[in-house]
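Visitor: Could you take me through one part of this model closely, with the cut-offs behind each term?

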Amino acid sequence: MEKPDRFPDVMLLAAGLGTRMRPLTETMPKPLVPVAGVPLIERVMANARAEGAKRFAANAHYRADQVLAHFGGLLKVNREDELLGTGGGVKAALPMLATDPFFVMNTDAFWPTGSDTPLARMRARYRGEEDIVLLCIQPSRATGFGRSHDFCLDPSGRVTRDYGAPVIYGGVALMGKALFRDAPDGAFSITDLFDAALERETLYGVVLDAPWYHVGDPQALAATEALLTP
(Lines give C-alpha, C1' and ligand atoms only; values in the text may rest on other atoms or scores of the structure.)
Protein backbone atom coordinates (compact mmCIF):
# COMPACT_ATOMS: atom_id res chain seq x y z
CA MET A 1 0.00 0.00 0.00
CA GLU A 2 1.35 3.43 -0.95
CA LYS A 3 1.79 5.96 1.80
CA PRO A 4 -0.45 9.00 1.42
CA ASP A 5 1.33 12.13 0.24
CA ARG A 6 2.81 14.02 3.13
CA PHE A 7 1.38 17.51 3.35
CA PRO A 8 4.13 20.06 2.74
CA ASP A 9 5.68 21.82 5.70
CA VAL A 10 4.71 25.47 6.09
CA MET A 11 7.23 28.29 6.54
CA LEU A 12 5.63 31.30 8.22
CA LEU A 13 7.21 34.70 7.57
CA ALA A 14 7.06 36.43 10.95
CA ALA A 15 10.24 38.48 11.25
CA GLY A 16 9.25 41.87 9.83
CA LEU A 17 9.18 45.16 11.72
CA GLY A 18 5.52 45.87 10.99
CA THR A 19 6.13 49.60 10.62
CA ARG A 20 2.89 50.21 8.69
CA MET A 21 0.91 48.70 11.57
CA ARG A 22 2.14 51.21 14.15
CA PRO A 23 1.18 52.13 16.82
CA LEU A 24 -0.04 48.57 17.44
CA THR A 25 3.38 47.11 16.65
CA GLU A 26 5.19 49.38 19.10
CA THR A 27 4.43 46.78 21.77
CA MET A 28 4.00 43.52 19.83
CA PRO A 29 5.17 41.92 16.58
CA LYS A 30 2.75 42.19 13.69
CA PRO A 31 1.97 38.42 13.50
CA LEU A 32 0.55 38.58 17.03
CA VAL A 33 -1.77 41.53 16.36
CA PRO A 34 -5.30 40.24 17.05
CA VAL A 35 -7.94 40.35 14.34
CA ALA A 36 -11.39 40.04 15.92
CA GLY A 37 -9.66 38.44 18.91
CA VAL A 38 -7.43 35.97 17.03
CA PRO A 39 -3.74 36.70 16.32
CA LEU A 40 -2.92 37.09 12.64
CA ILE A 41 -0.47 34.20 12.63
CA GLU A 42 -3.08 31.89 14.13
CA ARG A 43 -5.56 32.78 11.38
CA VAL A 44 -2.94 31.98 8.74
CA MET A 45 -2.08 28.67 10.41
CA ALA A 46 -5.79 27.82 10.60
CA ASN A 47 -6.04 28.21 6.81
CA ALA A 48 -3.21 25.70 6.38
CA ARG A 49 -4.42 23.29 9.07
CA ALA A 50 -7.87 23.17 7.50
CA GLU A 51 -6.27 21.49 4.47
CA GLY A 52 -4.05 19.09 6.40
CA ALA A 53 -0.92 21.00 7.41
CA LYS A 54 0.69 19.63 10.56
CA ARG A 55 4.28 20.91 10.57
CA PHE A 56 5.15 24.60 10.74
CA ALA A 57 8.31 26.64 11.07
CA ALA A 58 8.71 30.41 11.37
CA ASN A 59 11.33 33.10 11.45
CA ALA A 60 11.40 35.87 14.04
CA HIS A 61 13.37 39.07 14.57
CA TYR A 62 11.36 42.03 15.83
CA ARG A 63 10.18 41.27 19.37
CA ALA A 64 11.19 37.67 18.73
CA ASP A 65 10.79 36.78 22.41
CA GLN A 66 7.06 37.37 22.12
CA VAL A 67 6.80 35.08 19.09
CA LEU A 68 8.75 32.37 20.93
CA ALA A 69 6.64 32.78 24.06
CA HIS A 70 3.41 32.65 22.07
CA PHE A 71 4.22 29.19 20.77
CA GLY A 72 5.93 27.93 23.91
CA GLY A 73 8.28 25.62 22.02
CA LEU A 74 5.48 24.04 19.96
CA LEU A 75 6.76 25.59 16.74
CA LYS A 76 10.24 25.61 15.20
CA VAL A 77 11.39 29.23 15.12
CA ASN A 78 14.56 30.51 13.46
CA ARG A 79 15.59 33.65 15.31
CA GLU A 80 17.29 36.16 13.03
CA ASP A 81 19.87 38.43 14.64
CA GLU A 82 19.66 40.62 11.56
CA LEU A 83 16.68 40.85 9.23
CA LEU A 84 17.21 38.53 6.26
CA GLY A 85 14.24 39.58 4.15
CA THR A 86 11.59 37.21 2.89
CA GLY A 87 13.99 35.19 0.74
CA GLY A 88 16.93 35.13 3.11
CA GLY A 89 14.64 34.23 5.98
CA VAL A 90 13.35 31.18 4.15
CA LYS A 91 16.84 30.11 3.05
CA ALA A 92 18.15 30.30 6.63
CA ALA A 93 15.24 28.17 7.85
CA LEU A 94 15.51 25.44 5.18
CA PRO A 95 17.09 22.94 7.65
CA MET A 96 13.87 23.17 9.68
CA LEU A 97 11.71 22.10 6.72
CA ALA A 98 11.48 18.36 6.14
CA THR A 99 9.45 18.37 2.93
CA ASP A 100 10.32 19.42 -0.58
CA PRO A 101 8.39 21.34 -1.86
CA PHE A 102 7.05 23.41 1.02
CA PHE A 103 4.65 26.29 1.49
CA VAL A 104 5.75 29.83 2.34
CA MET A 105 2.99 31.90 3.95
CA ASN A 106 2.92 35.57 4.86
CA THR A 107 1.44 36.17 8.29
CA ASP A 108 -0.65 39.23 7.42
CA ALA A 109 -3.19 37.79 4.98
CA PHE A 110 -5.85 35.09 5.28
CA TRP A 111 -9.26 33.89 4.10
CA PRO A 112 -12.23 32.51 6.06
CA THR A 113 -11.09 29.14 7.36
CA GLY A 114 -12.64 26.26 5.48
CA SER A 115 -14.20 28.45 2.79
CA ASP A 116 -11.94 27.09 0.03
CA THR A 117 -9.12 24.58 -0.51
CA PRO A 118 -6.55 26.53 -2.57
CA LEU A 119 -3.53 24.73 -1.13
CA ALA A 120 -4.76 21.43 -2.58
CA ARG A 121 -5.04 23.05 -6.01
CA MET A 122 -1.56 24.54 -5.62
CA ARG A 123 -0.15 21.08 -4.86
CA ALA A 124 -1.89 19.66 -7.93
CA ARG A 125 -0.41 22.42 -10.09
CA TYR A 126 3.19 21.91 -8.91
CA ARG A 127 5.21 19.78 -11.32
CA GLY A 128 8.90 20.04 -10.47
CA GLU A 129 11.73 21.90 -8.80
CA GLU A 130 11.78 24.82 -11.26
CA ASP A 131 8.11 25.59 -10.58
CA ILE A 132 6.68 28.10 -8.15
CA VAL A 133 2.91 28.15 -7.58
CA LEU A 134 1.39 31.32 -6.14
CA LEU A 135 -1.97 31.90 -4.50
CA CYS A 136 -3.71 34.55 -6.59
CA ILE A 137 -6.55 36.84 -5.56
CA GLN A 138 -9.13 38.52 -7.73
CA PRO A 139 -8.94 42.25 -6.86
CA SER A 140 -12.69 42.44 -6.30
CA ARG A 141 -12.42 39.91 -3.46
CA ALA A 142 -9.56 41.64 -1.64
CA THR A 143 -9.80 43.78 1.50
CA GLY A 144 -6.90 45.96 2.64
CA PHE A 145 -4.90 45.99 -0.59
CA GLY A 146 -3.85 49.34 -2.07
CA ARG A 147 -2.53 48.52 -5.56
CA SER A 148 -4.69 47.49 -8.51
CA HIS A 149 -2.87 44.14 -8.99
CA ASP A 150 0.54 42.45 -8.90
CA PHE A 151 0.50 40.11 -11.92
CA CYS A 152 -1.76 38.70 -14.58
CA LEU A 153 -2.87 35.09 -14.87
CA ASP A 154 -3.24 33.64 -18.37
CA PRO A 155 -5.93 31.07 -19.29
CA SER A 156 -3.49 28.18 -18.79
CA GLY A 157 -2.69 29.21 -15.21
CA ARG A 158 0.71 30.72 -15.94
CA VAL A 159 1.60 34.00 -14.21
CA THR A 160 2.60 36.79 -16.62
CA ARG A 161 3.36 40.47 -16.36
CA ASP A 162 0.61 41.73 -18.64
CA TYR A 163 -1.40 38.94 -20.32
CA GLY A 164 -4.52 37.52 -18.73
CA ALA A 165 -6.67 38.43 -15.76
CA PRO A 166 -5.22 40.90 -13.21
CA VAL A 167 -4.49 39.19 -9.86
CA ILE A 168 -2.97 40.00 -6.49
CA TYR A 169 -0.31 37.80 -4.90
CA GLY A 170 -2.11 36.27 -1.95
CA GLY A 171 0.88 35.69 0.32
CA VAL A 172 1.20 31.92 -0.21
CA ALA A 173 3.78 30.19 -2.42
CA LEU A 174 4.58 26.52 -3.03
CA MET A 175 8.22 26.07 -3.94
CA GLY A 176 11.18 23.72 -3.71
CA LYS A 177 14.54 23.91 -1.97
CA ALA A 178 16.56 23.74 -5.19
CA LEU A 179 15.51 27.31 -6.01
CA PHE A 180 17.60 28.53 -3.07
CA ARG A 181 20.75 26.69 -4.13
CA ASP A 182 22.20 29.67 -5.97
CA ALA A 183 20.46 32.34 -3.92
CA PRO A 184 22.68 34.80 -2.06
CA ASP A 185 23.56 34.40 1.58
CA GLY A 186 22.18 37.13 3.76
CA ALA A 187 19.19 39.33 3.04
CA PHE A 188 17.19 39.15 -0.18
CA SER A 189 13.56 39.19 -1.27
CA ILE A 190 11.66 36.07 -2.22
CA THR A 191 10.20 38.07 -5.10
CA ASP A 192 13.61 37.75 -6.78
CA LEU A 193 12.88 34.02 -7.10
CA PHE A 194 9.36 34.74 -8.35
CA ASP A 195 10.78 37.06 -11.03
CA ALA A 196 13.30 34.43 -12.15
CA ALA A 197 10.53 31.82 -12.43
CA LEU A 198 8.40 34.29 -14.37
CA GLU A 199 11.25 34.82 -16.85
CA ARG A 200 11.68 31.07 -17.42
CA GLU A 201 7.87 30.66 -17.60
CA THR A 202 7.61 28.36 -14.60
CA LEU A 203 5.59 30.69 -12.36
CA TYR A 204 2.00 29.49 -11.98
CA GLY A 205 -1.04 30.67 -10.10
CA VAL A 206 -4.15 29.28 -8.43
CA VAL A 207 -7.10 31.59 -7.77
CA LEU A 208 -8.67 31.73 -4.32
CA ASP A 209 -12.42 31.20 -4.42
CA ALA A 210 -13.16 33.14 -1.22
CA PRO A 211 -12.82 36.62 0.29
CA TRP A 212 -9.23 37.58 1.17
CA TYR A 213 -8.10 39.91 3.93
CA HIS A 214 -4.74 41.68 3.86
CA VAL A 215 -4.10 43.24 7.26
CA GLY A 216 -1.19 45.56 6.59
CA ASP A 217 -2.14 48.69 8.52
CA PRO A 218 -4.65 49.84 11.16
CA GLN A 219 -7.16 50.91 8.50
CA ALA A 220 -7.12 47.44 6.91
CA LEU A 221 -7.42 45.89 10.37
CA ALA A 222 -10.54 47.95 11.08
CA ALA A 223 -12.06 47.10 7.69
CA THR A 224 -11.38 43.39 8.16
CA GLU A 225 -12.78 43.30 11.68
CA ALA A 226 -15.94 45.07 10.48
CA LEU A 227 -16.45 42.32 7.89
CA LEU A 228 -15.68 39.48 10.33
CA THR A 229 -17.77 40.76 13.23
CA PRO A 230 -21.49 39.91 13.08
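**The three-stranded sheet and the cores**

Guide: The strands in the order 7-14-9 make up an open sheet of three with mixed pairing, where strands are DSSP runs of E of at least two residues and helices runs of H or I of at least four, both numbered from the N terminus, and two strands pair if DSSP finds at least two bridges between them. This is a predicted model, in which local features need pLDDT of at least 70 and side-chain atom pairs count only at pLDDT 80 or more, while totals for chains, interfaces and linings use all residues. Residues are numbered from 1 along each chain as its sequence is written, and side-chain values use heavy atoms, with hydrogens and water left out.

Strand 7 (109–110) and strand 9 (142–143) are the edges, and each has a single partner strand, so one side of each has no neighbour in the sheet. Strand 9 runs parallel to strand 14 (residues 212–214) and is joined to it by two bridges, with Ala142 opposite Trp212 of strand 14. Across strand 7, strand 9 and strand 14 lies helix 6 (residues 218–228), at about 150 degrees to strand 14; axes are lines fitted to C-alpha atoms, for helices over the stretch in contact, and angles run from 0 to 180 degrees between N-to-C directions.

Elsewhere, Thr25 sits in the loop between strand 1 (10–13) and strand 2 (34–35). Thr25 is buried at a relative accessible area of 1%, buried meaning under 20% (1.4 Å probe, protein chains only). Beyond residues up to four places away in sequence, Thr25 touches Leu17, Gly18, Lys30, Val33, Tyr62 and Arg63, contact meaning heavy atoms within 4.5 Å.

Definitions and conventions: Buried means under 20% relative accessible area, exposed over 50%, partly exposed in between (1.4 Å probe, protein chains only).
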